[in-house]
Structure formats: C-alpha cells, structure tokens
Amino acid sequence: MGELGAFVRALPKVQLHCHLEGTIEAGTFRELAGLRGVESARATGPLEATYAFATFGEFLLTFAEVCKALRRPEDYARVAREYVASAQTQNVRYAELFISPSVWTFFHPGLDVSATVRAMRDAFEAARPDGPQVVLICDLTRNFGVERAFETARLAVRLAQADLGIVGIGLGGDEANFPPALYAEPFAYARAHGLRTVAHAGEAAGASSVRDAVEILGAERIGHGVRALEDPAVVALLAEREVALELCPTSNRLTGAVPAGAPHPIAELDRRGVRCTIDADDPALFSTTLEREYELVGAQCGRASLVRFARNAIDASFASTGRKAALRAAFEVAAGGLETTRP
Ligand SMILES: [Zn+2]
C-alpha cells in the first residue's frame, strides 16, 4: 500500500452510494449461479470477462444478471456477510446500501422479500460492534415503470415499519428514458411515511434531471449529479440547498457519464460550493473499491479535500443525530492525527 493508500485507510469512512448487488465478487456470482441452477453466459466464460460491458444499457443488464443468480434469503445473507468483511477491511464505520427488490422478484417472483431483508439485517447485526453499522435504501428501479415503483415504495414502508433496517428509497436504473417527474407520487408517499429520499440523476441525463430530482422528488441527496455542471443555475441550487452529491469516479468513466480524458468534475463541483462525497457505486462490477475511489480523488484534489469529502459523507448521511455525533467525534480524532498538507 502506498502512502496515499495508508492515508485513505486511516480515514474512518461512511458509505452512501453503494448497491449491495454491485458488491458481489465475480467468484461469488459464478458459484451462486451454479448452486442455484441459473444459466448465464457470464457465469461460464472467462472469469475476467464475467462483468464485461461496453455501454450504460449493457451495464444495467449485467447488474440484472447478477440479481438473477440469487434465489434464496441465504444467498443475500452471504452477500451481506461478504460486504461487511470487505467494508471492515476498508475502515468503513457506517453504510447506507441500496437494494433492488423489484429486480430480485422480477427474476424470482416467489422470493420472500421480508425474509431476505431480515436475513441481511441479521448478517449485518452479527458483525457488530466491530463491523460497520449498515442500513438499507430500497431502490425503486425506474425501468419497471411508475406502478411497480409505487409498489416498491409501499414495500419499503412496510419493511421499515417491521424494523428491518430500511431508512429510505432511491431511484436508479434507466434515467434517460424514465425521468424523475414520473415518480413524484411514490416519493411523496414514502416521505409522508417517514422515509428519507435520494435519487440517481445527472448521470445518463442532463442538468434538468438533477433539478427535477431536487424540486419535484425532494431528493435529499443526488447519486452522481455530474451533469449538473451543464447548467450553472442547477449547481447553484445544489449548493444553496446543501444537497450532497454522491460521486463515484470509476463508475462515471465506465458508464460514460464523465468523458474519458477529462478530469473528474468533483473538483469543480467542490469549488462551486456543492457538498461532495465519494463512493464506489458497484465496486465489484467496476473492479474498484471505496478506498480506490478515495485514492483517485486524493491524487486529483489532495489530502485536505479528501478529509472534507469524508466529513461531508457523515453530515449528509441519514444516521440519527446521536450516531452522527459519534461518527464525527471518531472521525475528528483519526483525521487530527493525519498529515493533510501534502498533495
Ligand atoms: Zn448507483
């Protein structure tokens, strides 16, 4: 591990934009596909090509293919355990992970979603107190349309009421063809029932999609949001309302949200007063880790900025006030012992 790597490891981290299904290592996916009798060309070709994709559309299909290999609650419990082990190694103290139950049941309509989420929650709790605290955000998966999204919002409320660790809803999937405004009602419903709200926007569509996610959906954080820079008024809106962006550099390059060769816009967004955070999105699918993303940003923006982005993630999280204060206190102790003036 290089010096920057050691610096990143020493920073206690909060994870705000990571899809649990996107953390499944290729070996685990292939093993589960074999175990559950799921046929997939990705599970039988060369290991290094398991998660190969060329376009954003192909990426979404790859993500779906991974979900197809998981058929039982214990499959998800295994994935939850493997996530925790990796997060612990990377000094993650708290995480809000996306889950996509509408993709799970698209492939396996008989899957008991409550039992599955309970199995994951038990796996997360078994790793405490040494492991990170992990809570979940239900993704409404825009591709399935508004009715299905509403069903998922209702499901999220039921799971939250059953105390299964659900704190909010999110909106991922095909942004270009399913704009935010379609989902105003499920978002209002979830919020009225006490859930927090986030949305992917400004990734596969432009700045107006970011504006609509904030103004129409009331999203409290935006996943990616890099294309907000296409309209200075939208950047100003994010800064003024303190809507944090969850920025995932490797994901943005591989999906084409940020053009190859251009510097990642995190530095520009930060300079314009937007609250930026760093994450890995689908680390296994993108062959990266949260630490690797921190290193990429550290090399671009410097160590002092890294500390600020890590602190932003605590502030922008949906943790309780008490939990936030504890995370913040531990963070300041760790960060206080680090040399930040070097690039
Ligand atoms: Zn995402």
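**Figure 1. Surroundings of E242 in the predicted model.** With 14 C-beta neighbours inside 10 Å, E242 is classed as partly exposed, because that class lies between the limits of 12 or fewer for exposed and 20 or more for buried. E242 is part of the loop that runs between helix α11 (232–241) and strand β7 (244–247). Although E242 is not a glycine, its phi is positive, at about 55°. Most residues other than glycine have a negative phi.

**Figure 2. D163 in the loop between α8 and β4.** The loop that holds D163 is flanked by α8 (146–161) and β4 (166–170). D163, likewise not a glycine, has a positive phi of about 65°. D163 counts as exposed because its C-beta neighbours inside 10 Å number 9, and the exposed class covers 12 or fewer.

**Figure 3. The cis peptide bond between R128 and P129.** R128 and P129 are joined by a peptide bond in the cis form, with omega of about 0°. P129 belongs to the loop between α7 (113–126) and β3 (133–139). Most peptide bonds are trans.

**Figure 4. R253 in helix α12 and its contacts.** Helix α12 spans residues 249–255 and includes R253. Leaving aside residues up to four places away in sequence, R253 touches V258 and A260. The C-alpha atoms of R253 and F286 are 9.8 Å apart in space, while the two residues are 33 residues apart in sequence. R253 counts as partly exposed because 17 C-beta neighbours lie inside 10 Å.

Notes:
Residues are numbered from 1 along each chain as its sequence is written. This is a predicted model: local features need pLDDT of at least 70, side-chain atom pairs count only at pLDDT 80 or more; totals for chains, interfaces and linings use all residues. Helices (H or I, at least four residues) and strands (E, at least two) are DSSP runs, numbered from the N terminus. Two residues are in contact if their C-beta atoms, placed from the backbone, lie within 7 Å.
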